[in-house]
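I opened this entry to look up how aromatic rings are arranged in the structure. My notes follow in the order in which I took them.

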Amino acid sequence: MPARAKVTKEMIIDAAVEVAREEGAENINARTVSQKLGCSTQPVMYHFERIEDVRIAAHKKALEFHINYVTNLSGNYERPMLEVGMRHIRFAVEEKNLFRFLFHSNYYTGISISDWLAEENFGSVLSILKIQAKADDRQAHSIFSQIFLVTHGIASLLANNAMVYDEAYCIKTLSSAYFGAMYLLKEGGL
């Protein structure tokens, strides 16, 4: 009889992300994760003291996936920041459950919007914006805040409703937000 494959912590996290992706994060529990892995619940509870720790680790992994998704630019859009915004919206359309897990859960309790937008999670996006807009750190953060709030509003509507995705409308709206933020920067308002 061959030896049983060892279930690693990383395998458990990946399985939890898949549960969140397919069934919604509210379904992450020892049973659903172990079923994904084809094992008993014992390895899950061996590696994690509480199921909430599995959810936290899965949230972090899903956030890394999201950042990679939105910053994997194809060059198919006029400006890199437009593509980042459109990819965030596409993520909400294509990965509704993961989007809800990342942005409509209580993992950001007690953090202000300003502080959350300044966190390291957006470093790669801010780097793209600093180059595109020829902006310093403070300016890039201000521009990003303006654009992200519009982008995220559209993405949230699409992730939580059976709305029709209209790419042309999204491009027009994000472009207006970008040029509005750039105008404010030029006029000294940001």
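I looked up the burial of Tyr 69 and Phe 91 in this predicted model, and both residues are buried.

I then counted the aromatic pairs and obtained ten. Tyr 69 and Phe 91 form one such pair, and I recorded its geometry as edge-to-face, with 5.3 Å centre to centre and 70° between the planes. I noted that this pair links distant parts of the chain, since Tyr 69 belongs to helix H4 (residues 51-71) and Phe 91 to helix H5 (residues 80-94), 22 residues apart.

I next checked for charges over rings. At Tyr 69, I found the charged end of Arg 87 over the ring, 4.5 Å from its centre. At Phe 48, I found Lys 9 over the face, 5.1 Å from the ring centre.

I followed the ring pairs further and found a cluster that they link, made up of Phe 99, Phe 103, Tyr 108, Trp 116, Phe 144 and Phe 148.

My last entry concerns His 59, which I located in helix H4. Is His 59 buried or exposed? I entered His 59 as buried because its relative accessible area is 6%, and the cut-off for buried is under 20%. Which residues is His 59 in contact with, leaving aside its neighbours within four places in sequence? I listed Phe 101, Leu 102, Ser 105, Tyr 107 and Tyr 108 as those contacts of His 59. Of these, I had already entered Tyr 108 as a member of the ring cluster.

Key. Residues are numbered from 1 along each chain as its sequence is written. This is a predicted model: local features need pLDDT of at least 70, side-chain atom pairs count only at pLDDT 80 or more; totals for chains, interfaces and linings use all residues. Side-chain values use heavy atoms; hydrogens and water are left out. Rings of Phe, Tyr and Trp (its six-membered ring) pair if their centres lie within 6.5 Å; planes under 30 degrees apart count as stacked, over 60 as edge-to-face and the rest as tilted. Helices (H or I, at least four residues) and strands (E, at least two) are DSSP runs, numbered from the N terminus. Buried means under 20% relative accessible area, exposed over 50%, partly exposed in between (1.4 Å probe, protein chains only). A charge sits over a ring if NZ of Lys or CZ of Arg is within 6 Å of the ring centre and within 35 degrees of the ring normal. Contact means heavy atoms within 4.5 Å.
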